[in-house]
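User: I have a model open and would like to walk through it with you. Could you keep the answers plain?
Analyst: Gladly; ask away.

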Amino acid sequence: MAATTAAGRHGSTGGLTHRQILTVLVGLLLGMFLAALDQTIVATAIRTIGDDLKGLSMQAWVTTGFLITSTVATPLYGKLSDIYGRKPFFMLAIAVFILGSALCGLSTSMYMLAGFRAFQGIGAGGLFSLAMAIVGDIVAPRERARYQGYFMATFATSSVLGPVVGGFFAAHGTIFGITGWRWIFYINVPIGLVALVVVERVLRIAHHRRDHRIDWWGAFTLMVCLVPLLIVAEQGRSWGWGSLTSLGCFLLGVVGLAAFLGVESRMREEALIPLRLFRIGVFSVGSVQSFIIGMGMFGGMMSIPLYLQIVKDMSPTKSGLLMLPMVVGSMFTSLLSGQVTARTGRYKALPIIGTALLIGGFLLMTRVQADTTLWETGPYMLIIGAGLGLNMQTLVLAMQNAVHYRDMGVATSSATFFRQVGGTAGVAIFLSILFSTAGRKISAAYAAASQDPSFQAAAGAHQDQLKMLTSGSGGLNDTGFLHNLDQVLAHPFRVGFSQAMDLVFLCGAFVLVLAFVCAIFLKEVPLRKASALELRNAELSARAAKSGQGASSAETSATATAIAETPGAETSGAETSGAGSAGVAEDGADEPSGAEPGGGESGTP
C-alpha cells in the first residue's frame, strides 16, 4: 500500500502543483546563481588579483584548475545522483563550493588560489547539472519548457551583476579592512548558506536506494583523458602546439580516452556514462551538437569582450554591461521557445533556427571594425543571444526526454559535460587563432598608417611612444600600454586587432554550420506528459497492483500507459514489451525487494 499511497498524494501519478515546483526552483536557482555569478565575477577581477599576488603569469592555471575539476565532476554527480538521489549531492556541491570560496579568499599566492579554485570547481560541477536534473525529475518534458525563463533570468542576472560587482570589488583597495578582490570569493559564502537552508527546507524528495557499484575506474580514466587535454588547451598557445609537452599531453589524453571507453564497456549499466545511451539517436546527436555549439559559442564569444576592452577601450565593467543585448536576446527567445514547446509539444525547429541565428550573428560580427559604432554591434550581439536562447535549454530537454527516466541525471550531466568540453576546446583554438593572427594584422595596419600625414605628425610629436611601439615593448601580452598612447598612434593597433577578430568569427560560423547539420538530423521524440517523479510513482503503483495490493484496474491502466509512453525504455535495461506493466515486472525482477528501479527520488516536497 505504500507505493499506492505515494502515488496518490498529488493525483494518480504523484505530480506536483505549479506552486510546489516554483518553491523547489527557488533553491535550485540560488545554487545555479552561485556558479553563474562566479564565472563572470572572477574573470572581471583576475588581472587585479594577479597583480596583488605577484603572479599575473599564473592566471591561466587559476582558470584551468577550476575547469578541470568542474568538468570531471559533472558526469560523476549525474551518475551518483541517479543511484543515491539528487538532494544530498546538490547540497554537497553547494557546501564544497562555499568552502572553496572561503579558502580562495584566504589565498596568499597564485599557487594557493589555483589549488583552492580547483577544489571550488568540484562543487561547481554539480550545481548546473543537478539543478537541471531535479527539474527533469519533477516537471514533465512537455511542461518543463515553461520554466526555462527562470533559468535564463538567473544566467542573465549573473551576466550583468558579475562584471559590475567584480569591477567594484577589484577597484577598492580594502573593504572593512579586507582586500577588495577577496570579497569576490567571500560574497559566495552568505549566498551559499542561504541556498543550503532553502534547499534543505523546500526540496523534500524521498529516495529509494539501489545497491550499485560506483564506477571509480571510469572517473579515474576520464580524468586521465581530460586533465592533459584541458591543460594543453589552456597552455598550448604559450608552449607551442607542436612542442614535446603539448604532444605528450595529446598522447596521454588519447590513451586516457581509450582506457575510459574500455572501462565503460565492461561496466555496462554501472558505467559513469553508459555507452548504451549513445545508441539512442537523440542522445548521441544531442551530445555532438552540444559539443559543437559549446566550441563555436564560447570560442567566438570570448572575442567580443576583448573587442570591447581593447578596441573600444572599455573597462571590464562597461564591457560586461555592453553585452546586455546578448543577454536580452537569449532571455527573450528562451521564454518564447518555452511557450512554443509547452503549447505545441514540438521542439525540432528551435535548434535549427537557433544555430542559423548563431551563424548569421557571427557572420555579421565579421563586419565589425575598429570604427564601428556600438549601436551597430548591439543588434549583432542580440542575434547571437537569440540563437543561444533557442539552443541551450532545448538540447537539454531533448536529451532528457529521449532517455529512460532512470537516466535523467546522466543525460543532464552529459549535455553539460559535452558543452563544457567543447567550450574549452573552442576557447583554446579560437584564441590561438586570434593571437597568432593579430601580430601580423597589427604590423600591416601600422605599415598602412605610416603613410597617413596625421599619423606622421603624431609620431613626430611622441617619439617616445613610437619607440615603444617599434621596440616591441607594447604587445599582446599586456595591452594596458594603449591607455597611455596618443589615440592616433593607438588606432592602427586597434584596427589590426579587430581585423584578426574577423577570422575568429568566421571560423566560429564555420564550426556552427556543423551544429546546424546536427540540428537537422536531430529526431523529434514526442515529449512525455508525465515527469520522472510521476513515472516512478506510477511504476511503484503498477508493481504493487501486480503483486495483489489492491490497486484498481483503472489506476493500473493509467500507470501502465504512463510507463509505456516513456522514451528510451527499450534501451535502458527495462526490456518492455506489450503493456507497460509487463515491462515493470521484468525490470523489477533484479531489483532488491522494496527498492525503486532507477534509484531516483519519489515523493513530494
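User: Where is the place of Gln-120?
Analyst: Gln-120 has its place in helix H5, residues 110-138, where helices (H or I, at least four residues) and strands (E, at least two) are DSSP runs numbered from the N terminus. Before we go on, this is a predicted model, in which local features need pLDDT of at least 70 and side-chain atom pairs count only at pLDDT 80 or more, while totals for chains, interfaces and linings use all residues. Residues are numbered from 1 along each chain as its sequence is written, and side-chain values use heavy atoms, with hydrogens and water left out.

User: Is Gln-120 buried or exposed?
Analyst: Gln-120 counts as buried because its relative accessibility is 0%; the cut-offs are under 20% relative accessible area for buried, over 50% for exposed and partly exposed in between, with a 1.4 Å probe and protein chains only.

User: And what is Gln-120 in contact with, leaving aside its neighbours within four places in sequence?
Analyst: With those neighbours left out, the residues in contact with Gln-120 are Asp-38, Phe-66, Phe-97, Gly-100, Ser-101, Cys-104, Phe-185 and Asn-188, contact meaning heavy atoms within 4.5 Å. Phe-66, one of these, also has Arg-117 over the face of its ring, at 4.2 Å from the ring centre. For that, a charge sits over a ring if NZ of Lys or CZ of Arg is within 6 Å of the ring centre and within 35 degrees of the ring normal.

User: Zooming out, how many helices and strands does the chain have?
Analyst: The chain has 24 helices and four strands, and of its 605 residues 57% are buried. If one takes contacts between residues at least 6 apart in sequence, 83% of them join residues at least 24 apart.

User: Which residues touch the most other members in the largest nonpolar core?
Analyst: That core has 123 residues, and Leu-25, Leu-28, Phe-90, Ile-94, Leu-127 and Ile-304 touch the most other members; a nonpolar core here is a set of buried Ala, Val, Leu, Ile, Met, Phe, Trp, Tyr and Cys residues joined through side-chain atoms within 4.5 Å. H18 supplies the largest share of this core, 15 residues. Another core lies apart from it, with 17 residues that include Val-42, Leu-53, Ile-175 and Trp-181.

User: What does Phe-90 contact, leaving aside its neighbours within four places in sequence?
Analyst: Among its contacts outside that window are Leu-28, Leu-127, Leu-130, Ile-134 and Val-199, along with the glycines Gly-27, Gly-31 and Gly-126.

User: How many aromatic pairs does the count come to?
Analyst: The count comes to 11 aromatic pairs. In one of them, the rings of Phe-278 and Phe-418 have centres 6.3 Å apart and planes at 80°, so this pair is edge-to-face; the rule pairs rings of Phe, Tyr and Trp (its six-membered ring) whose centres lie within 6.5 Å, and calls planes under 30 degrees apart stacked, over 60 edge-to-face and the rest tilted. The pair links distant parts of the chain, since Phe-278 is in the loop between helix H11 (244-267) and helix H12 (281-301), Phe-418 is in helix H18 (residues 408-449), and the two are 140 residues apart.

User: Which residues form one aromatic cluster with Phe-278 and Phe-418?
Analyst: Phe-283 and Phe-417 join them in one aromatic cluster. Phe-417 and Phe-418 form an edge-to-face pair, 5.3 Å centre to centre with 70° between the planes. Phe-417 is buried at 6% relative accessibility and Phe-418 is buried at 18%, whereas Phe-278 counts as partly exposed at 32%.

User: Switching to cysteines, how many disulfides does the count come to?
Analyst: The count comes to zero disulfides, a disulfide being a pair of cysteine sulfur atoms within 2.5 Å. As for individual cysteines, Cys-507 is partly exposed with a relative accessible area of 23%, and Cys-518 is buried with 14%.

User: Last one: where is Phe-176 found, and what is its phi?
Analyst: Phe-176 is found in the loop between strand S1 (174-175) and strand S2 (178-179), and it has a positive phi of about 55° although it is not a glycine. At 77% relative accessibility, Phe-176 counts as exposed. Asp-313 also has a positive phi, of about 60°, and lies in the loop between helix H13 (303-311) and helix H14 (316-322).
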